Amino acid sequence: MERTENMEDTEGLEHATQSDYSAIFDAANDGILIHDIETGHVVDANRRACEMFCYPKEEMMKLDISGLCSGEGDSTSGEVMRRASLAAKGEPQLFEWLVKDKAERFFWVEVNLRRAVIGGKYRLLSMVRDISERKRTEDRLRRINETFLSFTTDINENISRLTALCGELLNADCALYNRLEDDTLRSCGQWNVPPGYKSSDKAEGHICYDVIKQARNEMVCIRNLQDTDYARTDPNVKAYNLQTYLGYPVSFGGS
């Protein structure tokens with residue numbers, strides 16, 4: 001009887017350990033994929049991995065490593081399988097990988113790929129971390145650095161470069177650097193402006209005129225422009241069906 005009770009206790013401990021493993025596996029902040037070491041097929045995936053790649057678990061289990069590749073640069077299936085082969089031989093791999101989700105959207109991940117014994121078998125274990133935001137930040141810093149390093153002695157050209165940079169980084173439809181000269185609002189820097197845009201106009205009534213005159217040291221964001229007074233006073237709002245304005249007053253040389 002005593003032996004039976006001890007065996008039951010052991011079985012309960014094993015059950016609890018398996019339950020704990022599953023809970024930790026699905027609670028991890030990073031995606032975890034377990035692959036067949038020979039084929040690269042996914043044999044298990046945690047909740048975060050399924051969310052990251054937008055696949056239900058049953059569909060994720062039908063994929064292999066190459067099925068997640070973007071196919072661009074060093075993220076081709078051949079390169080990733082080369083790294084998987086090295087990991088299978090006991091050489092852990094840490095690399096950045098441009099992957100795609102179920103909807104064919106690309107995003108960057110950092111992968112820690114290594115061989116592990118799971119369930120009594122050699123498997124490939126992938127720890128996958130979404131680094132898309134980090135890559136976007138690195139790209140912004142690179143583009144800012146390139147812009148400043150490309151400055152010349154031509155002030156107007158430098159202003160145009162900065163205007164274009166702001167428009168691109170903000171993912172805007174167009175960007176302008178406007179100056180108030182007496183009663184005239186003049187665009188000194190332009191990026192992606194629509195056809196027919198007037199680079200100078202009577203200032204009063206324009207959104208930029210109010211932002212410059214108020215000279216508040218803060219970002220100004222106005223949404224739903226078609227429902228504001230600017231739909232009547234600022235000719236560009238109606239002419240180009242503008243929906244959102246984002247601006248910041250800049251002081252240079254005391255003006």
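**Note on a salt-bridged sheet and helix**

1. The side chains of Glu96 and Arg134 meet in a salt bridge, with N and O 2.6 Å apart. Glu96 belongs to strand β3 and Arg134 to helix α5, so this pair ties together parts of the chain that are 38 residues apart in sequence. The model under discussion is a predicted one.

2. How exposed are the two partners? Glu96 has a relative accessibility of 34% and therefore counts as partly exposed. Arg134, at 35% relative accessibility, is likewise classed as partly exposed. The class applies because both values fall between the limits of 20% for buried and 50% for exposed.

3. Glu96 also forms a salt bridge with Lys135, where the closest N and O atoms are 2.9 Å apart. This contact again links distant parts of the chain, since Glu96 is in strand β3 and Lys135 is in helix α5, 39 residues apart. As a general remark, side chains of opposite charge can pair when their charged atoms come close.

4. A further salt bridge joins Asp139 and Arg143, whose closest N and O atoms are 3.3 Å apart. These two residues are four positions apart in helix α5, so about one helical turn separates them. Asp139 is partly exposed at 27% relative accessibility, and Arg143 is partly exposed with a relative accessible area of 22%.

5. Which residues are joined into one network by salt bridges that share partners? They are Glu96, Glu110, Arg134, Lys135 and Glu138. For the model, the count of salt bridges comes to 22.

6. The strand that carries Glu96 is part of an open sheet of five strands, in the order β2-β1-β5-β4-β3 with antiparallel pairing. The edge strands are β2, residues 42-45, and β3, residues 93-100, each of which pairs on one side only. On average, neighbouring strands of the sheet are turned by 30° against each other, direction ignored.

7. Within this sheet, strand β4 (residues 106-118) and strand β5 (residues 121-130) pair in the antiparallel sense over ten bridges. Which residue of β5 is the bridge partner of Val117? The partner is Tyr122.

8. Helix α5, spanning residues 132-149, packs on the sheet and touches β3, β4 and β5. The direction of helix α5 makes about 135° with that of β4. The salt bridges from Glu96 to Arg134 and from Glu96 to Lys135 may be viewed alongside this packing, as they run between strand β3 and helix α5.

How values were computed
Residues numbered from 1 in each chain as written. Predicted model: local features only at pLDDT ≥ 70, side-chain atom pairs only at ≥ 80, totals over all residues. Heavy atoms only, no water. Pairing = 2+ DSSP bridges. Axes fitted to C-alpha atoms, helices over the stretch in contact; angles between N-to-C directions. Contact = heavy atoms within 4.5 Å. Salt bridge = Lys/Arg side-chain N within 4 Å of Asp/Glu carboxyl O. Buried < 20%, exposed > 50% of the residue type's maximum accessible area, 1.4 Å probe, protein only.
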